[in-house]
Amino acid sequence: MIGVLGAGDELLKVIEQQFPTTRITARGNEIQLSGDAESIGLIENLISEMLTVLRTGQGLTPEAVERSISWLREKSDVRPHEVLTANILSNRGKSIRAKTLNQKRYVDAIDQHTIVFGIGPAGTGKTYLAVAKAVQALQEKRINRIVLTRPAVEAGERLGFLPGTLSEKIDPYLRPLYDALHDMIEPEKIPRLMTSGTIEVAPLAYMRGRTLNDAFIILDEAQNTSPEQMKMFLTRLGFGSTMVITGDVTQVDLPRGTSSGLQVVKQILQGVDDVAFCNLSSTDVVRHKLVAKIVDAYSAYDERRNLNPKDSN
């Protein structure tokens with residue numbers, strides 16, 4: 001009962017806020033509900049899902065309960081406990097798992113397809129979950145290496161004029177990929193894996209002319225590729241490999257007049273067997289709640305500006 005109600009009844013308060021017309025009374029080991037039949041039915045299903053999660057030894061957060069209520073209201077084909085208990089990786093006592101329905105569908109698509117596109121705004125876990133699936137595949141020996149790449153658009157992919165060694169030049173553009181790796185692999189193991197070539201982190205320009213077999217290949221920030229770069233990357237695919245391409249089509253940093261390869265590729269590959277497109281939205285943002293509101297506010301601003309380019313207010 002403590003697990004269902006939460007510390008200081010924090011989970012109960014979430015349920016009460018979501019069902020304001022339903023009276024919820026907790027006494028001992030019983031919960032009494034009074035209200036309309038539909039709401040009572042939803043709360044009963046919610047508590048059943050919560051108990052299933054708690055029986056796995058996993059705790060619940062207010063955010064997880066809120067998302068569960070949303071999924072039940074949508075009558076999704078995926079049960080909340082299936083999302084909340086499906087671990088991808090565990091490292092140093094921390095479990096990495098999908099936290100929303102679209103994230104679960106994205107992770108499932110990676111298991112079921114050779115090429116997967118994860119498209120959505122910042123904070124939706126596109127890159128983080130892709131790296132987790134790559135590390136999982138490496139640990140299970142389904143692949144021999146992980147290749148992580150992204151376009152260094154700010155440097156125009158012309159890195160020679162930047163000061164410092166090659167590593168110092170490209171590190172700022174690849175840092176998010178390193179950060180994700182450090183969450184999933186013991187830090188002292190990463191240099192050894194990179195030295196042996198088991199893990200490679202490199203700019204997109206370094207992919208040209210290669211064929212990548214038995215690898216898990218991730219292209220991050222793909223909205224900043226040209227159509228030609230996207231074609232070049234996709235044709236690096238070798239036998240026994242998986243590709244995941246992530247990006248946010250609303251954050252294109254390419255020079256004016258240059259098309260985004262991520263925007264074009266959907267028109268070209270939509271419907272091709274073994275290729276999946278997964279769209280994530282502000283409802284899948286798992287950072288601070290305010291991030292989702294910021295994403296929605298910018299989307300609304302862009303829509304207004306597109307309707308009336310002369311008025312950007």
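1. Quick term first: buried means under 20% relative accessible area, exposed means over 50%, and partly exposed is whatever falls in between. Keep in mind throughout that this is a predicted model.

2. Start with the sheet. It is open, has 6 strands, and runs in the order β7-β6-β8-β9-β5-β10 with parallel pairing. Its edges are β7 (199–203) and β10 (275–279), each of which pairs on one side only. Going from one strand to the next, the twist averages 15°.

3. Now the β6/β7 end of things. Strand β6 covers residues 145–150 and pairs with β7 in the parallel sense, over 5 bridges. If you want a spot to click on, Ile146 stands opposite Ile199 in β7.

4. Two helices to look at here. Helix α6 (residues 101–112) packs on the sheet and touches β5 (115–119), β8 (215–219), β9 (242–247) and β10; its direction makes about 165° with that of β10. Helix α10 (residues 227–234) also packs on the sheet, with contacts to β5, β6, β8 and β9, and its direction makes about 155° with that of β9.

5. On to charges: the salt bridge count comes to 7. One of them joins Arg150 and Asp220, with the closest N and O atoms 3.4 Å apart. That pair links distant parts of the chain, since Arg150 sits in strand β6 and Asp220 in the loop between β8 and α10, 70 residues apart. Buried or exposed, what is Arg150? Its relative accessible area is 9%, so Arg150 is buried. Asp220 is buried as well, at 5%.

6. Arg150 has another partner: its side chain meets that of Glu221 in a salt bridge (3.0 Å, N to O). Because Arg150 lies in strand β6 and Glu221 in the loop between β8 and α10, the pair ties together parts that are 71 residues apart in sequence. Glu221 has 26% relative accessibility, so Glu221 counts as partly exposed.

7. Over on edge strand β7, there is a salt bridge between the side chains of Glu200 and Arg210 (2.8 Å, N to O). Glu200 lies in strand β7 and Arg210 in the loop between β7 and β8, so this pair ties together parts that are 10 residues apart in sequence. Glu200 is partly exposed, with a relative accessible area of 21%. How about Arg210, which has a relative accessible area of 22%? That value is not under 20% and not over 50%, so Arg210 is partly exposed.

8. One last thing to check on screen: Arg150, Asp220 and Glu221 are joined into one network by salt bridges that share partners.

Technical notes: Residues numbered from 1 in each chain as written. Predicted model: local features only at pLDDT ≥ 70, side-chain atom pairs only at ≥ 80, totals over all residues. Heavy atoms only, no water. Pairing = 2+ DSSP bridges. Helix = DSSP H or I, 4+ residues; strand = E, 2+ residues; numbered from the N terminus. Axes fitted to C-alpha atoms, helices over the stretch in contact; angles between N-to-C directions. Contact = heavy atoms within 4.5 Å. Salt bridge = Lys/Arg side-chain N within 4 Å of Asp/Glu carboxyl O. Buried < 20%, exposed > 50% of the residue type's maximum accessible area, 1.4 Å probe, protein only.
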